[in-house]
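Visitor: Good morning. Could you walk me through this structure?
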Amino acid sequence: MEPVSTAITYYENYTPVGDVSVLGLCLVLLVLMKVAYNVHTKNYRILQAMIGSLMVTTISSMMYHILLNSLGEVAPIWIYLTRGLTHFGYLLILFLYVRYVMFPLQLDEREGKVYVMIAHAGLVFFTLYDVIGTVTKLGYYITADGEIHEGFIYLFVVSYFYFFVLIAWLLLVYRGRIIRQLLYGIMGTFLISITMMGIQGSHRQMSFTSVCFLFPILTLFYMIHSNPYNIEIGSVNVDAFEDMITYANRRHEERYLMCLYMPGFEGTGKHYPPEIQQLVRAFAHEFFKGAVLFQISNGRMALVITTKKNPDYIEGGRRMLENFYEAYKKFQLDYKIVYLPTEERISAKHDYIRFLQFVESKMEINSVMIAGEQEFADFHRMNYVLSQLDDIKKTGNLNDPRIEVFCQPVLNIATGKYDTAEALMRMRLPETGMVFPDVFIPIAEEYNFIHMLSLIILFKTCLHIKKMLARGYHVQRISVNFSVGELREPSFCDDIKRIIKDVGIPNDKIAIEITESQNESEFRFVKERINELRKDGIKFYLDDFGTGYSNFERIMELPFDIIKFDRSLVIACGEDEKSEKMVSHLAGMFAALDYSLLYEGVETEEDEKKCIRMCAKYLQGYKYSKPVPIEELTDWFEKEAV
Ligand code: C2E
Ligand code: CA
Ligand code: CA
């Protein structure tokens, strides 16, 4: 069969139905993408480029066929151009597809490099082949009297297979890395595309080529980028939340966020009752134009508005709050509400969810907060502290200058002298100066940096005790605080013993302060650790007794040397007789069981007298001294009599 006539039948059988449908479907996709708030990742942009290329290609394909019908009347250059563009467009989509699958196959730049190069080579080679074929008249060209010479008619089929084999190879070799469902989705769609290409080929058709290119795009869109609505409350999935704000920020559009947190629903699978669902749906649209509701977690929602579209958003927010209070009267569900404008630095880091959690953690229950400069500054300070903590842990230097030891001397009633003290941690950072424990200890505990910090304090305290002993001071011991969670560290006992031994002081110069454990499994750890370290002579204090719910049975099971009565018990004694009696009895009970009692937070003469009446062995508080740099402890301690 003559190649020329084969080509002619292909053109003659062309109908624009396929291309027109694809164009329509691409527009549908664009609408969906616009309203669905997809995350603007790199691969999302590749998908957008594929859809763009497909639209251009389809239009070009239609133009090409229209021009072919006027063969002889139009300059051949237009035919060459539209034909070349159509072929190039299809190849570009395949090329982009190869780039795209690097992501679900989890191939990084380095691993994927060779495949991207093969795809590049294919794109360049087949495009050049087309162009050179036309220029040299060895390939596709139109003669002066309007006759078409096809050249190698199967060029397009070969190029299509080239990419198909490359993609199939990638899927096969790296099938272990891709999510199963996605693998089957991609392979299934490819099979359908290939089959359809085959069927249209055997009918001498090319009208449905673009349709076959649309299928893989649909698969990716549906499986990876779809962002479903929660129909019940009319919210958009959280995935797109921070991305949408960042994206808006980049275009210098300001947004305003109104966030509702309901702790009763957080961390549960509970659905909102239907009345609340209805209320939320109404709230999302009643007060603002074009507001978008995001469900961030089960108990947390954020309504995002564009301030430009809602210049009176402050008033809108106020009305919304009024309505909210009305609803609250009825449902009585606990809440925290945060209003906040978008902020550059938080947008840049995609950090709104963490920011919200941060602000909420500082709020009272059932309150409203309008976050502003103060909160942003606190949050940035927290992040700064966090990065420093991370660095301290990574550096692993027991002598890290950023961590300082302060000490509060403790009065020993039996001798009337100061011979013990409590070590307290301070952080000194270049940007913020001194940071106090109430700021960084909770963060350090949450992010698992605390153990390194405690070891630094222990190390520096040991060094200083050694120095004081060498200078002849009488140091009975210094107590160091550890967080209960640290006792879970498998190396806990070894870390402590090693540091004391390396510095070279007796074990009984160190005591460890811990608070009561919160649960049974924690308790078991604590018990094991205390027993192991006490065998070596390290003392243990129970810290903050009286601040929580105490479990006496457990306390009795642990061999503490000293029970530290919290300042709140000292205060309670001054308030009424009943409390005083109770504390007095508690103290008597501990003393009878041979525990030594230390009272914390002794501020006045009166406090002191009361504590002494209540079996105190040790006293600590501002009455004697505030915590001072450990170097100043020599002002309090005395030299051993020689
Ligand atoms: P804590 O162990 O109960 O330490 C006693 C706190 O009470 C210290 O606050 C101290 O400055 C303060 N204080 C001392 N005397 C008085 C007084 O007469 N009146 C009042 N109102 N307060 C007094 P600081 O140093 O800010 O430490 C706060 C908490 O931070 C500590 O409470 C402890 O839980 C934690 N912390 C401090 N250093 C460390 C550490 O090295 N490791 C661990 N894990 N936690 C530490
Ligand atoms: Ca303590
Ligand atoms: Ca305490």
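Guide: What follows is a short tour of a predicted model, beginning with the ligand and ending with a few single residues.

Visitor: Which residues come nearest to ligand 1?
Guide: There are 22 residues around ligand 1, and the nearest of them are Q408, M425, R426, E603 and Y622.

Visitor: What sort of residues are they, taken by class: nonpolar, polar or charged?
Guide: The shell around ligand 1 holds ten nonpolar residues, five polar ones and seven charged ones.

Visitor: Which helices and strands each supply at least two residues of that shell?
Guide: Two strands, β11 (417-429) and β15 (539-545), do so, as do two helices, α15 (437-446) and α16 (450-470). The largest share belongs to β11, which contributes four residues.

Visitor: And where does a nitrogen atom of ligand 1 meet a polar backbone atom?
Guide: That happens at M425, where the two atoms are 3.0 Å apart.

Visitor: What about the oxygen atoms of the ligand?
Guide: One pairing involves a backbone N or O atom of Y622, which lies 2.8 Å from an oxygen atom of ligand 1. In another, a polar side-chain atom of D544 is 3.1 Å from an oxygen atom of ligand 1.

Visitor: How much of ligand 1 does the protein bury?
Guide: Ligand 1 exposes 800 Å² when taken alone, and the protein buries 79% of that.

Visitor: Which pocket does ligand 1 take up?
Guide: The space occupied by ligand 1 is the largest pocket.

Visitor: Let us change topic. What is the phi value of Q106?
Guide: Phi of Q106 is near 55°, a positive value in a residue that is not glycine. Q106 belongs to the loop between α4 (76-101) and α5 (109-136).

Visitor: Is Q106 buried or exposed?
Guide: Q106 counts as exposed, because its relative accessibility is 55% and the exposed class begins over 50%.

Visitor: Where is H252, then?
Guide: H252 is found in the loop between α9 (241-250) and β5 (255-261). Phi of H252 is near 60°, again a positive value in a residue other than glycine. With a relative accessible area of 73%, H252 is exposed.

Visitor: One last residue: where is R534?
Guide: R534 is part of helix α18, which covers residues 520-535.

Visitor: Why is R534 classed as partly exposed?
Guide: The relative accessible area of R534 is 33%, and the partly exposed class lies between under 20% for buried and over 50% for exposed.

Visitor: How far is R534 from D561?
Guide: R534 and D561 are 27 residues apart along the chain, and 9.7 Å separates their C-alpha atoms.

Methods
Residues numbered from 1 in each chain as written. Chains lettered and ligands numbered in written order. Predicted model: local features only at pLDDT ≥ 70, side-chain atom pairs only at ≥ 80, totals over all residues. Heavy atoms only, no water. Near = heavy atom within 4 Å. Polar contact = N/O pair within 3.5 Å; in protein donor to acceptor, adjacent residues only side chain to side chain. Areas by Shrake-Rupley, 256 points an atom, 1.4 Å probe, with all protein chains shown as cover. 1 Å grid on protein atoms, 1.4 Å probe; cavity = no way out; pocket = protein on both sides within 12 Å on 5 of 7 lines; lining within 4 Å. Sits in = over half its atoms within 2 Å of the grid points. Nonpolar A, V, L, I, M, F, W, Y, C, P; charged D, E, K, R; others polar. Buried < 20%, exposed > 50% of the residue type's maximum accessible area, 1.4 Å probe, protein only.
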